[in-house]
Amino acid sequence: MVKVEIVDEKESNSPYASGSSAASSSESLSSVDSELANDETIFDRLAALVDIVPPTTRHKISSRIASTGSFLKTTGKVVGNIVWIVTTSALLVGLPLAVSLEDEAKVVAQEKEAQEQQAGQQMLSSGMYPNSTSSSPKPLVPPGF
């Protein structure tokens, strides 16, 4: 707690007491300022502020900071679990699906290329101008269709 003392200004060596001259009081203030700067740290000054804030307010601030920290910790865990589930699901389901779709696209491209080659061979074998009497060739149908 804070201890209050009544100090007589005449007997005090305080730099704040009404002194004999303004120059001497400013010199003494600078010397007090340097003494405080050397002896006291920022942590000491912040620790001294505890007495200014009432205990009920300190308790409210402390409990709100604790509940906010708890909320952030819980939210971080939940978000981390969700990210883990999504990435593992994508790897276990999405990757094989993408590979099979790519393979299917390759098969379709090969079939299309085979059809184009057969059409080109038929055009070469029938000549530049096909006969009007010959029937048109049937399109190539893959097995199973």
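Begin by colouring the protein chain by pLDDT, the predictor's confidence in each residue, from 0 to 100: among its elements, helix H1 (residues 22–39) has the lowest mean value, 55, and helix H3 (residues 55–126) the highest, 94. This is a predicted model, in which local features need pLDDT of at least 70 and side-chain atom pairs count only at pLDDT 80 or more, while totals for chains, interfaces and linings use all residues. Residues are numbered from 1 along each chain as its sequence is written, and side-chain values use heavy atoms, with hydrogens and water left out. Over the protein chain the mean pLDDT is 80, and 71% of residues reach 70 or more.

Next, switch to a cartoon view. The protein chain shows three helices and zero strands, in the order α-α-α along the sequence. Helices (H or I, at least four residues) and strands (E, at least two) are DSSP runs, numbered from the N terminus.

Select H3. From its first C-alpha to its last, this helix of 72 residues reaches 102 Å, close to the 106 Å expected at 1.5 Å a residue; the expected span is 1.5 Å times one less than the number of residues. Centre the view on Leu91, where H3 bends by about 35 degrees. The bend is the angle between axes fitted to the seven residues ending at a residue and the seven starting there.

Now select Arg45 and Glu40. Their side chains meet in a salt bridge at 3.2 Å, N to O. The term requires a side-chain nitrogen of Lys or Arg within 4 Å of a carboxyl oxygen of Asp or Glu, and the structure holds one such bridge. Arg45 counts as partly exposed because its relative accessibility is 41%, and Glu40 counts as partly exposed at 32%. Buried means under 20% relative accessible area, exposed over 50%, and partly exposed in between (1.4 Å probe, protein chains only).

Move to Ile42, in helix H2 (residues 42–48). With 63% relative accessibility, Ile42 counts as exposed. Add Leu46, Leu49 and Ile52 to the selection: with Ile42, they make a nonpolar surface patch of about 440 Å². Patch residues have over 30% relative accessible area and no salt bridge; like charges are joined within 9 Å, and nonpolar side chains (Val, Leu, Ile, Met, Phe, Trp, Tyr) within 5 Å.

Finally, display the surface of the protein chain. Buried residues make up 1% of its 145 residues.

Definitions and conventions: Areas by Shrake-Rupley, 256 points an atom, 1.4 Å probe, with all protein chains shown as cover.
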